[in-house]
Structures are given as C-alpha cells and as structure tokens.
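Visitor: I would like to go through this structure term by term. Please justify each label as we go.

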Amino acid sequence: MTVRVLVADDQAPFRRAARSVLGAAADFQLVGEATSGEEAVALVDSLRPDLVLMDIKMAGIGGIEAARSISAAYPETMTILLSTYREEDLPLEARACGAAAYLHKSDLGGGRLRELWERRR
Amino acid sequence: MAERASIDGDFGEDSDPVEPEPSCDELLLEVEELRASRARVVAAADAERRRIERDLHDGAQQHLVALAVNLQLVRQLADSDPAGAKTLLEEIARDVREALESVRELAHGIYPPLLLDRGLAEALGAAGSAAVIPTRVEAAALDRFPPEIEATVYFCCLEALQNAARHAGAGARAHVRAWHDQGTLHFEVEDDGAGFEPATTTMGAGLTGMSDRLGALGGRLTISSEPGRGARVSGAVPVAR
C-alpha cells in the first residue's frame with residue numbers, strides 16, 4: 001500500500017525537505033502541500049490523504065486546531081504534529097488534539113515515518 | 001517648515017534658565033509620563049525578544065532543520081541513487097547559504113557590525129546607501145560616543161528612514177545629518193515627500209520607541225511636517241566626553 005501524504009507547513013525549506021524525503025520513500029506519496037491550518041483542513045477534505053504532516057506553528061488557526069478539525073471530520077486520517085520545539089515545550093492541547101504522534105522536524109525520514117505509520121495500524 | 005508636533009525629554013537647548021518652578025499638577029503629569037515611558041521601554045524590550053525568537057524560528061532554524069533532514073537522506077541515497085544524492089547536495093548547499101544569510105541579517109538588525117567597529121558616521125553612511133529611497137548622509141566629522149548613545153541615534157535615524165520609505169511617496173529623497181556641538185549630539189532625518197498633518201496623525205510605535213529611548217538618555221525628539229512639504233525627525237542627546 002502507498003501511503004498518501006499531505007504536508008502542511010508555512011516554511012518553504014521544510015516543505016522542500018519533506019518533498020525529498022517522500023520522493024525517496026517508495027511506500028509514501030506526496031499528494032499535496034498546504035501553507036496554513038485552514039488550507040490543510042480544506043485539502044484533507046478534497047484530497048483525502050492517509051497521513052498529514054502538520055507543522056504546529058502556522059498563521060491562522062495553526063496546526064493544533066487544524067489537527068483537531070481533521071481528527072473530528074476524518075478520524076481515519078492520521079496526523080503527525082511537527083515542530084522545532086522540544087516535546088516538553090509543546091502546549092498541552094498538542095496531546096489532546098487527535099494527532100497520533102509528535103515528531104521533531106529534524107527527525108523526519110522515511111524510516112521514522114514508516115515506524116509511526118506501522119505503529120498506528 | 002513649521003514645527004507642528006514635538007516630544008520633549010528632560011533635556012532641551014531652548015530651556016529658559018529663569019523658568020518658573022513647575023506646579024504640583026505639572027510634576028504629577030511628568031511622573032505619570034515617566035511611568036508610562038518606563039513601561040513602554042520594558043514592553044519594547046520584550047517585543048524585541050519576541051521578534052528575535054520569531055526571526056530565528058522562521059529563518060535560520062528552518063534551514064538547519066531542512067539541512068538535518070536532507071543530510072540523513074543523502075547518506076541513505078549515496079549508494080543506491082548517486083544522481084539523486086548529488087541533486088540533494090545542491091539543495092543542501094542552498095539551505096546553508098540561506099541559513100547564513102538569515103543569521104547575518106538577524107545579527108545586523110540586532111547591532112550592525114559597522115556601528116560596533118567604526119561608529120555612527122560609517123554606520124549611518126551604510127544605512128543611507130542601503131535605504132529604499134535615495135538618501136544623502138552628512139555625518140563624516142563625528143567622533144566615537146558611548147555605545148548606548150551611538151545605538152540610540154543610529155536606530156532613531158534608521159526608524160525615521162524606514163518611515164520616510166513607507167510614507168514619503170514615489171520620487172522622494174531623504175537627507176540624514178548628525179553632528180556634535182557643545183556636549184550635544186544632534187541628528188536630523190528629513191525627506192521631501194508627501195508629509196502629513198501632525199495634529200491629526202497618531203504617533204506610531206516606532207516613533208514612540210525613539211522618543212522613549214532618547215528620553216531615557218536625557219534627550220528629546222522633535223517631529224515636524226506639513227502635508228505636501230516633507231517631514232523632519234530630529235533629536236538631540238547630551239553626551240559626556
């Protein structure tokens with residue numbers, strides 16, 4: 001099975017890096033990119049990805065609120081929260097927004113994604 | 001150009017030596033203004049820390065994160081896909097360049113290296129060359145002053161130049177002057193642009209911050225303008241030499 005992935009981040013350097021990681025992982029496929037929480041919610045609605053890589057800190061509703069909306073509307077879609085913060089610096093809502101996991105952005109890689117995806121199933 | 005608005009600090013060259021003692025109400029007003037000014041200085045320092053955190057997060061940190069991700073990937077691709085690894089190395093080189101540029105810009109904004117090393121005259125000259133609107137700078141004869149004085153005058157001039165670039169309109173030019181005269185460092189940033197009506201214009205956070213910084217050093221800020229006749233921001237601060 002190929003896991004269809006949406007990347008939501010307002011930072012172009014990270015979106016480029018995520019594109020490279022997903023391009024090199026045969027079992028993952030990038031299906032869309034969003035630059036805000038609102039856009040991520042809209043793209044989940046239209047693209048129905050299996051997995052959303054969601055940056056926490058974005059303009060507008062931000063990643064946590066977007067993850068909450070996605071989890072409520074599409075519980076079958078897995079969301080992984082991303083940021084450059086240490087896990088202990090995350091706001092409490094990050095743990096209760098319906099996201100399946102948290103990943104420090106610098107740890108993004110095919111192997112790590114596969115591990116999180118398999119653990120979820 | 002008539003002066004329509006001014007903000008005075010504790011120090012002024014026009015002060016009258018036989019000025020009558022201030023009344024109790026005037027003193028209370030002054031105390032209140034000092035309290036407000038101190039609170040604004042603290043708020044401005046906090047805002048600056050937030051700006052630096054944001055700039056680091058949105059700038060260098062994002063490039064470094066992308067570098068970390070791509071370096072892991074390039075290690076993985078080195079044997080299996082050398083062409084892909086080579087393409088990725090070009091992306092890594094770009095992220096390194098952008099990260100360096102981002103850090104350089106941030107460091108420059110915090111304290112320009114030229115101001116630290118060479119003083120106000122050269123730093124103002126560089127700021128004039130980099131300004132969005134054509135700017136002439138006259139500050140060559142300036143000596144060195146204490147860092148807090150140089151930084152305050154520099155950032156006041158920079159803020160005034162940025163205001164001129166934002167509000168003076170197309171075709172406007174600016175003129176920056178700084179000079180030392182009898183224990184006082186003066187500066188003036190003037191443009192020949194659209195001007196404004198001071199009586200009906202609210203002073204922005206930038207100008208308020210300039211006024212507070214100068215006031216904290218015993219200086220003062222004066223803003224004057226007329227619609228259609230440009231704007232002038234000038235200041236004076238006492239310097240102990």
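Visitor: How many residues of chain B are in contact with chain A, and how many of chain A are involved?

Guide: This is a predicted model. In it, 18 residues of chain B are in contact with 13 residues of chain A. Helices H1 (24-58), H2 (60-80) and H3 (82-110) of chain B each give two or more residues to that side. H2(B) gives the most, with 11 residues.

Visitor: What makes up the side of chain B that touches chain A, by class?

Guide: Seven residues are nonpolar, seven polar and four charged.

Visitor: Why is A:Lys57 called partly exposed?

Guide: A:Lys57 has 17 C-beta neighbours inside 10 Å. Buried needs 20 or more, and exposed needs 12 or fewer. The count of 17 lies in between, so A:Lys57 is partly exposed.

Visitor: Where is A:Lys57 found, and what is it in contact with?

Guide: A:Lys57 is in the loop between strand E3 (51-55) and helix H3 (62-73) of chain A. Beyond its neighbours within four places in sequence, A:Lys57 is in contact with A:Gly62, A:Gly63 and A:Ser83.

Visitor: How do you know that A:Met54 is buried?

Guide: A:Met54 belongs to the largest nonpolar core, of 45 residues. Membership requires a buried residue, so A:Met54 is buried. A:Met54 is also among the residues with the most contacts inside that core. Its contacts beyond four places in sequence include A:Ala8, A:Ala40 and A:Leu82.

Visitor: Which element gives the largest share of this core?

Guide: H2(B) does, with eight residues. A second, separate core has 36 residues, including B:Ala127 and B:Val237.

Notes: Residues numbered from 1 in each chain as written. Chains lettered and ligands numbered in written order. Predicted model: local features only at pLDDT ≥ 70, side-chain atom pairs only at ≥ 80, totals over all residues. Contact = placed C-beta atoms within 7 Å. Helix = DSSP H or I, 4+ residues; strand = E, 2+ residues; numbered from the N terminus. Nonpolar A, V, L, I, M, F, W, Y, C, P; charged D, E, K, R; others polar. Core = buried A, V, L, I, M, F, W, Y, C linked by C-beta atoms within 7 Å.
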